Amino acid sequence: MISLPSKFPTQTRCVHSKPSLSSSGEIHVIVGPMFAGKTTTLLHRVQAEINDGRNVAIIKSNKDNRYGLDSVVTHDGVKLPCCALPNLSSFKQNFSQDAYDQLDVIGIDEAQFFGDLYDFCREVADHDGKTVIVAGLDGDYLRRSFGSVLDIIPLADSVTKLSAQCEICGKRALFTLRKTGETQTELIGGTDVYMPVCRHHYVSGQVAVEAARMVLQSQKVITRR
Ligand SMILES: [Zn+2]
């Protein structure tokens, strides 16, 4: 008898919390090597959302300034305005609470450069009810997991792996070969530094690049002497 009244407030709170739980978001991930059309696919999906009357924001890393920082541009020239940020946690600061609440869709390009990708995607999809469309490299030039892109696959509604065309034989390319001898993981560049390759030409290309690097190193040693 005594416990009954105290139960009602608890049940009332549960009912009130329902709207935020029912407005759950979505996470869609687009991966693949360089030149596979990841940004193009992201922009097409974003454009479709805009055409459906949804509010969209696009984020890219400020590390990649090849095409200017206020727009995102595909290799085939499609261009949309975007925020260039050092990390995703600074995204909300660019919006008033009202403007943020009205956002339906957030597109993230070059997602491998964002260390806080997992926490951001979980927060905005699970708690803020946004749809997040993420495009990024799944692997680096050594085919190792790049940044946090693969970490968000357990959170995702869908994962799309795109392929490019092997620059040597024209077959399906799943990997990015770095043509130069530099060894840091993050090295921004286009066709001057990278090429998409099939498995066969990735393996033979790595051997050739490594051999060239060894020759260059030995020449440096000889020069120093
Ligand atoms: Zn090939």
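User: Why is Glu110 called buried in this model?
Analyst: Glu110 has 24 C-beta neighbours inside 10 Å. A residue is called buried at 20 or more, so Glu110 counts as buried. Please keep in mind that this is a predicted model.

User: Where does Glu110 sit, and what does the UniProt record say about it?
Analyst: Glu110 is in the loop between strand S6 (105–108) and helix H4 (117–127). The unreviewed UniProt entry places the annotation "active site" on Glu110. Leaving aside neighbours within four places in sequence, Glu110 is in contact with Lys60, Ser61, Asp64 and Gly136.

User: What makes Tyr194 buried?
Analyst: Tyr194 has 20 other C-beta atoms within 10 Å. The cut-off is 20 or more, so Tyr194 is buried. Tyr194 belongs to strand S12 (residues 194–197), and the unreviewed UniProt entry covers Tyr194 with the annotation "binding site".

User: Which residues does Tyr194 touch?
Analyst: Not counting residues up to four places away in sequence, Tyr194 touches Met34, Thr176, Leu177, Arg178, Lys179 and Gly189.

User: How do you know whether Phe35 is buried or partly exposed?
Analyst: Count the other C-beta atoms within 10 Å of Phe35: there are 19. Buried needs 20 or more, and exposed needs 12 or fewer. The count for Phe35 falls in between, so Phe35 is called partly exposed. You will find Phe35 in the loop between S1 and H2. Phe35 also has a positive phi of about 65 degrees, although it is not a glycine.

User: And what makes Arg143 partly exposed?
Analyst: Arg143 has 16 C-beta neighbours inside 10 Å. Since that value lies between the cut-offs of 12 and 20, Arg143 counts as partly exposed. Arg143 is in the loop between S7 and strand S8 (158–161). Phi of Arg143 is near 65 degrees, a positive value in a residue other than glycine.

User: Why is Leu155 called partly exposed?
Analyst: Leu155 has 16 other C-beta atoms within 10 Å, and partly exposed covers counts between 12 and 20, so the label fits Leu155. Leu155 is found in the loop between S7 and S8. Not counting residues up to four places away in sequence, Leu155 touches Ile27, Cys121 and Arg122. Leu155 and Tyr118 are 37 residues apart in sequence, with their C-alpha atoms 8.3 Å apart in space.

User: What makes Val29 buried, and which residues does it touch?
Analyst: Val29 has 24 other C-beta atoms within 10 Å; buried starts at 20, so Val29 qualifies. Val29 lies in strand S1 (residues 26–32). Setting aside residues up to four places away in sequence, Val29 touches Val134, Ile152, Ile153, Ala156 and Val159. The C-alpha atoms of Val29 and Val149 are separated by 8.4 Å, and these residues are 120 apart along the chain.

User: What makes S1 mostly covered, and how does S1 pair with S7 and S8?
Analyst: Six of the seven residues in S1 are buried. S1 pairs with S7 in the parallel sense over seven bridges, and Val31 stands opposite Gly136 in S7. S1 also pairs with S8 in the parallel sense, over four bridges; there, Ser158 in S8 is the bridge partner of His28.

User: How do you know that the largest nonpolar core lies between domain 1 and domain 2?
Analyst: This core has 49 residues, and those with the most contacts inside it are Ile59, Leu117, Cys121, Val132, Val134 and Val197. Among the elements that give two or more residues to the core are S1, helix H2 (38–51), strand S2 (56–61), H4, strand S7 (131–137), strand S11 (175–178) and S12. Domain 1 (24–162) and domain 2 (163–225) both give residues to the core, so it lies between them.

User: What about the chain overall, and how confident is the prediction?
Analyst: The chain has five helices and twelve strands, and buried residues make up 32% of its 225 residues. The average pLDDT is 85, and 84% of the residues score at least 70. Residues 1–22 stay under 50, and the model has zero contacts for them beyond four places in sequence.

Notes:
Residues numbered from 1 in each chain as written. Predicted model: local features only at pLDDT ≥ 70, side-chain atom pairs only at ≥ 80, totals over all residues. pLDDT = per-residue confidence, 0-100. Contact = placed C-beta atoms within 7 Å. UniProt positions renumbered as here; feature names shortened; annotations may be inferred. Core = buried A, V, L, I, M, F, W, Y, C linked by C-beta atoms within 7 Å. Domains from an automatic or database assignment. Pairing = 2+ DSSP bridges.
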